[in-house]
Amino acid sequence: MASTSRTRRGRGRGSGSSSLPPPPSTLPLIIEEFFIVVYEDPLVKKALPKKFADYLDGQRQVYLRAADCGPRLWTVEVLFDGQGRMYLDKGWEKFAIAHGVDFGCFVHFKYEGDDVLTVKVFDGTMCRKYYYSDDEDTDDESDDDVKPCIHPL
């Protein structure tokens, strides 16, 4: 009976193959999650994976939201280098300062749609930095205000 159930899930041959998902090569490529490791100055523009850049080709900006740090969206301009590489540019420095991105940090991004990326920052020990906002009304803040989330002790 166990071998029959494996066959129906698409790994083997047999009837029922019409209900199988299409082969991976025919599925649309959507990169929803990726990470970067900060090996250089954390405040300069950051390169994003080429597969993600291909997915968002032509975008001029994205919005970063720190996980567990309130509703604030940080506007970050993106830059393409003509070779298919996408960089977080203007606005990244303020986000990085406010969220303690430093050398050796591991930064996880999750694409939420509508150009929004939720970001989780892990320190050099690979432990996640948890933040909370001390201001509930952060939607109206100017991007000129670098008001950091607060890292609890």
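Buried residues, meaning those under 20% relative accessible area (exposed is over 50%, partly exposed in between; 1.4 Å probe, protein chains only), make up 31% of the 153 residues in the protein chain. The model is a predicted one, so to speak of local features takes a pLDDT of at least 70, side-chain atom pairs count only at pLDDT 80 or more, and totals for chains, interfaces and linings use all residues. Numbering runs from 1 along each chain as its sequence is written, and side-chain values use heavy atoms, with hydrogens and water left out. The protein chain exposes about 10000 Å², and carbon and sulfur atoms supply 50% of that; the areas come from the Shrake-Rupley method with a 1.4 Å probe, and for residues only the protein chains shown count as cover.

Now for the layout. The protein chain has three helices and seven strands, where helices (H or I, at least four residues) and strands (E, at least two) are DSSP runs numbered from the N terminus. Along the sequence they follow the pattern α-β-β-α-β-β-β-α-β-β. Of the contacts (heavy atoms within 4.5 Å) with a separation of 6 or more, 54% are between residues 24 or more positions apart.

The seven strands make an open sheet with mixed pairing, in the order 1-6-7-3-4-5-2; two strands pair if DSSP finds at least two bridges between them. At the edges sit strand 1 (33-37) and strand 2 (46-48), each pairing on one side only. On average, neighbouring strands of this sheet are turned by 35° against each other, direction ignored, with axes as lines fitted to C-alpha atoms (for helices over the stretch in contact) and angles running from 0 to 180 degrees between N-to-C directions. Strand 2 pairs with strand 5 (residues 86-88) in the antiparallel sense, over three bridges, and leucine 48 has methionine 86 in strand 5 as its bridge partner.

Strand 7 (116-122) has six of its seven residues buried, so to say it is mostly covered is fair. Strand 3 (residues 61-66) runs parallel to strand 7, with four bridges between them; here tyrosine 63 has valine 116 as its bridge partner. Strand 6 (residues 106-113) pairs with strand 7 in the antiparallel sense over seven bridges, with phenylalanine 106 partnered by phenylalanine 122. Strands 6 and 7 form a hairpin with two residues between them, and aspartate 114 in the turn has a positive phi of about 50°.

The largest nonpolar core, a set of buried Ala, Val, Leu, Ile, Met, Phe, Trp, Tyr and Cys residues joined through side-chain atoms within 4.5 Å, has 28 residues, and Val62, Leu64, Trp92 and Phe109 have the most contacts inside it. Elements that each supply at least two residues of this core include helix 2 (50-55), strand 4 (74-80) and helix 3 (92-98). The largest share, four residues, comes from helix 3. Valine 62 touches, among others, Leu56, Trp74, Val76, Met86 and Leu117, not counting residues up to four places away in sequence.

Finally, arginine 128 lies in the segment after strand 7. With a relative accessible area of 19%, arginine 128 counts as buried. Its side chain makes a polar contact with the side chain of aspartate 68 at 2.6 Å; such a contact is a pair of N or O atoms within 3.5 Å, where within protein one must be able to donate a hydrogen and the other to accept it, and residues adjacent in sequence count only if both atoms are side-chain atoms. Leaving aside residues up to four places away in sequence, arginine 128 touches Ala67, Asp68, Lys120, Val121 and Phe122.
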